[in-house]
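Me: Please take one part of this model and look at it closely. I would like to know how that part sits among the rest of the chain.

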Amino acid sequence: MALLIIFLPLDCASPTALYDYVHELKDSYLRNAGQLSKVAFDSKLHVLHNALGTHTSISRIQGGKLKSKREIRVATLFKEVPAEFLRMIVVHELAHMKERAHDKAFYQLCTYMAPDYHQLEFDVRLYLTHIEHLGPLDWRPASVSGDEV
Ligand SMILES: [Zn+2]
């Protein structure tokens, strides 16, 4: 399994860091995809219901104009995984800003943002299967696993 493991520095798991991370990716690849009003970790998204992330667009009339608010939510389990897994889910949800269905155009957009997207998605699915059957892994390096926090 070719897994590039990069750990999230502690403060990267904070809501602001996630917001910055998503916007940095969006600005590099999907500059013209519209505004993203909210980015958040969501503890209610559960891995076993196959919802790792969501992208929603809420439209409402405001002052005679149709305004849409777009949100990306990421399951909290992504706080404690290799950073590459987080990159996969963020790329996936960003791609939904332009493509709704999981079709060819969608995956092309994913691989445009992350050339190794298919490998990453495979690895994430594999890990989810692991969680389902054996529980989550402790991804911290062995040298810090025993440390007091
Ligand atoms: Zn999707």
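The part I have in mind is helix H2, residues 83-95. What covers the buried residues of H2, and where does H2 pack?

Reply: The account below starts with the helix and then moves outwards to what surrounds it.

This is a predicted model, and the chain averages a pLDDT of 82, with 83% of the residues scoring at least 70.

Helix H2 has 13 residues. From its first C-alpha to its last it reaches 18 Å, close to the 18 Å expected at 1.5 Å a residue. The helix is mostly covered, with eleven of the 13 residues buried. These are Phe85, Leu86, Arg87, Met88, Ile89, Val90, Val91, His92, Glu93, Leu94 and Ala95. The list includes Arg87, His92 and Glu93 as well as residues such as Leu86 and Val90. An α-helix has 3.6 residues a turn, so residues three or four places apart point the same way. The cover over the buried residues of H2 includes the helices H1 (15-29), H3 (104-113) and H4 (117-134), along with strands S2 and S3.

Next comes the sheet. Three strands form an open sheet in the order S1-S3-S2, and the pairing is mixed. S1 (38-42) and S2 stand at the edges with a single partner strand each, so one side of each has no neighbour in the sheet. On average, neighbouring strands of this sheet are turned by 25° against each other, direction ignored. S1 and S3 run parallel and are joined by five bridges; in this pair, Phe41 stands opposite Val74 of S3. H2 packs on the sheet, where it touches S2 and S3, and its direction makes about 35° with that of S2. Helix H1 lies across S1 and S3 and runs at about 130° to S1.

The other pairing in the sheet is between S2 (residues 53-62) and S3 (residues 65-75), which are antiparallel over ten bridges. Thr54, for instance, has Arg73 in S3 as its bridge partner. Two residues lie between the strands of this hairpin, and Gly63 takes a positive phi near 60° there. S2 lies largely in the open, because the number of buried residues among its ten is one.

The helix also has a part in the largest nonpolar core, which has 25 residues. Those with the most contacts inside this core are Val74, Phe78, Phe85, Met88, Ile89, Val90 and Val91. H1, S3, H2, H3 and H4 each supply at least two residues of the core, and the largest share, eight residues, comes from H2. Val74 shows how sheet and helix meet: leaving aside neighbours within four places in sequence, its contacts are Leu18, Phe41, Asp42, Gly53, Ile89 and Val90.

Towards helix H3, the residue to look at is Cys110, found in that helix. Cys110 is buried, as 22 other C-beta atoms lie within 10 Å. Apart from neighbours within four places in sequence, Cys110 is in contact with Val91, His92, Ala95 and Tyr117. Cys110 and His96 are 14 residues apart in sequence, and their C-alpha atoms are 9.3 Å apart in space.

A last point concerns confidence. In the chain, confidence is highest in H3, at a mean of 97, and lowest in helix H5 (residues 142-145), at 62. Over residues 1-11 the pLDDT is below 50, and this stretch has 16 contacts in the model beyond near neighbours in sequence. Where pLDDT is low, the predicted coordinates should not be read in detail.

Note on methods:
Residues numbered from 1 in each chain as written. Predicted model: local features only at pLDDT ≥ 70, side-chain atom pairs only at ≥ 80, totals over all residues. Buried ≥ 20, exposed ≤ 12 C-beta atoms within 10 Å, placed from the backbone. Helix = DSSP H or I, 4+ residues; strand = E, 2+ residues; numbered from the N terminus. Pairing = 2+ DSSP bridges. Expected span 1.5 Å × (residues − 1). Contact = placed C-beta atoms within 7 Å. Axes fitted to C-alpha atoms, helices over the stretch in contact; angles between N-to-C directions. Core = buried A, V, L, I, M, F, W, Y, C linked by C-beta atoms within 7 Å. pLDDT = per-residue confidence, 0-100.
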